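Colleague: Please take a close look at one helix in this model, and then set out what lies around it in the description.

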Amino acid sequence: MHENRETSETPAVQPGSRSAGEGSGHTARMHVCEESHGGVVPMNHSNKDGTSLEENEEGRPLIKENAGQPNTCPTQSGEGCVSQGLTGVRKAVRDSNKETRFTALLHHLTVGLLRESFYSLKRKAAPGVDGVTWQEYERGVEDRVVDLHGRVHRGAYRAKPSRRVYIEKADGRKRPLGIAALEDKIVQHAVGTILNQIYEEDFLGFSYGFRPGCSPHDALDALSYALLKKKVNYVLDADISSFFDTLDKGWLVKFVEHRVADPRILRLIQKWLKAGVMEDGKWSEAKTGSPQGSVISPLLANIYLHYAFDLWVNAWRKKWAQGEVVVIRFADDTIVGFQYQTDADRFLENLQERLGKFGMELHPDETRRIEFGRFAEQNRKRRGEGKPETFDFLGFTHISGKNGLGRFAVRRTTIRKRMRAKLRQVKHYFCLPVLHPQSREVHNRDCRLFPFKSIREPGRMWFRPGYCAVATHLCGLLPNRANCCPGSLLASSIWRFDFGNVRPTSWPAIHT
């Protein structure tokens, strides 16, 4: 059996048997007729028809899907359908070997594809250095797209520098972003749609970040399955330090050239890499890195890590691992599970050497190997040690716990620093109506950032148990205004908050 989403895993190599994880690309869901069963570990077929099973798959089962659908949606936003010409590109990739290079791709960048790319962009996205918004560009979009198409094919298209902005992280640091000009976003989206036809057949199944049809939920599902069902006793939480800033442009172009030989596509990518950034009216070009925030950056990052990490780790676990090894990668954040501690320590040492060859290094504070799994608590208790350590992945802290039957279970809670940052934001918006009464329209607008759902009744709010952490803190955020009546969490399906003498119309509506 097989399904589309997986966490790749490799059991210990046995004589006469074939280790899992030998190559598998990521076959699009619409190109296979698949059926899943929750009682069987699903398997993922190779992208080429007629070959044997290549990679074990871990993830939640999928429902039946129809084969032979004429249209696909490979764009990162999932919007818009791919033309039959691009479907032919994917078929050619599937029918060829991994060494085949594609010499003619730009002719697939048509006016229609540019138009679809424009309408796939976010309407309210911040403008780049040109100051052109989506709404402004929509006026006369047909003539603009035709002109853009002509410039791209004539070689007259020039990439503009990205506008540098900073966003605050939960730990207080600032993350630099590069906002591309609108026309650059359109062309990048179109080129990404074309390149996705190639690389979606090449990418391995344990790569989840910024791919069509993949989401953080899929990666979390795969991780939970691996921890519960596979022989995982040690977890390596590996995070590449400042990946987008240290990415080597020379290596990136070489990696793209493995599959793309169209010089016009390569020139477009080089133009974006050399466009630089504008900050406070000053232009600068970094020798390394790609602006984080551009449309093409996630795909280029996945290509880079596919050759620098994915293929290497897939070969390492087959050649050197003594036990099972499972891998889940979401962009530059990776979780690797091991059966034996010796494998984990050896892998960490080899990984540091591997990344050093490409100008990258692991974050010293966010990379660590811990004992975590079904038997971690028992083993640590036998040695007189404390509870298993926790690790963070995709915004959640993973904790070793037990279910109602006393069996091992993985508990997930929001990372503490992110919860604190969100509570500060909730406090500001939640207390606003009491301190500064305004119109209901302003309240409705301001409360779109509320991170929880509720069932509203006149004069009171009902919070679901999944949001009790937020609700508990709100008691202290609303002095003399709210009376907390939680009752029993086990006996009640919801918690109640009564808002005293506050008039219901003075409180903002919480969008569900």
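Modeller: There is a kink of about 40 degrees in helix 5, and its centre is Asn 196. The model is a predicted one, and the kink should be read as a feature of that prediction. Helix 5 covers residues 182–202, which makes 21 residues. From its first C-alpha to its last, helix 5 reaches 29 Å, close to the 30 Å expected at 1.5 Å a residue. Helix 5 is also mostly covered, with 21 of its 21 residues buried.

Next, the sheet. Strand 5, residues 174–179, is an edge strand and pairs on one side only. Strand 5 belongs to an open sheet of four strands, ordered 5-4-7-8, in which the pairing is mixed. The other edge is strand 8 (282–284), which likewise pairs on one side only. On average, neighbouring strands of this sheet are turned by 40 degrees against each other, direction ignored. Strands of a sheet pair through backbone hydrogen bonds, in either a parallel or an antiparallel sense. For strand 7 (residues 277–279) and strand 8 the sense is antiparallel, and three bridges join them. Glu 279 has Lys 282, in strand 8, as its bridge partner.

One loop residue completes the description. Asp 262 sits in the loop between helix 8 (249–257) and helix 9 (263–274). Asp 262 counts as buried because its relative accessibility is 0%, and the cut-off for buried is under 20%. Leaving aside residues up to four places away in sequence, Asp 262 touches Phe 102, Thr 103, Ala 104, Leu 105 and Leu 106.

Terms used:
Residues are numbered from 1 along each chain as its sequence is written. This is a predicted model: local features need pLDDT of at least 70, side-chain atom pairs count only at pLDDT 80 or more; totals for chains, interfaces and linings use all residues. Side-chain values use heavy atoms; hydrogens and water are left out. Two strands pair if DSSP finds at least two bridges between them. Helices (H or I, at least four residues) and strands (E, at least two) are DSSP runs, numbered from the N terminus. Axes are lines fitted to C-alpha atoms, for helices over the stretch in contact, and angles run from 0 to 180 degrees between N-to-C directions. The expected span of a helix is 1.5 Å times one less than its number of residues. The bend at a residue is the angle between axes fitted to the seven residues ending there and the seven starting there. Buried means under 20% relative accessible area, exposed over 50%, partly exposed in between (1.4 Å probe, protein chains only). Contact means heavy atoms within 4.5 Å.
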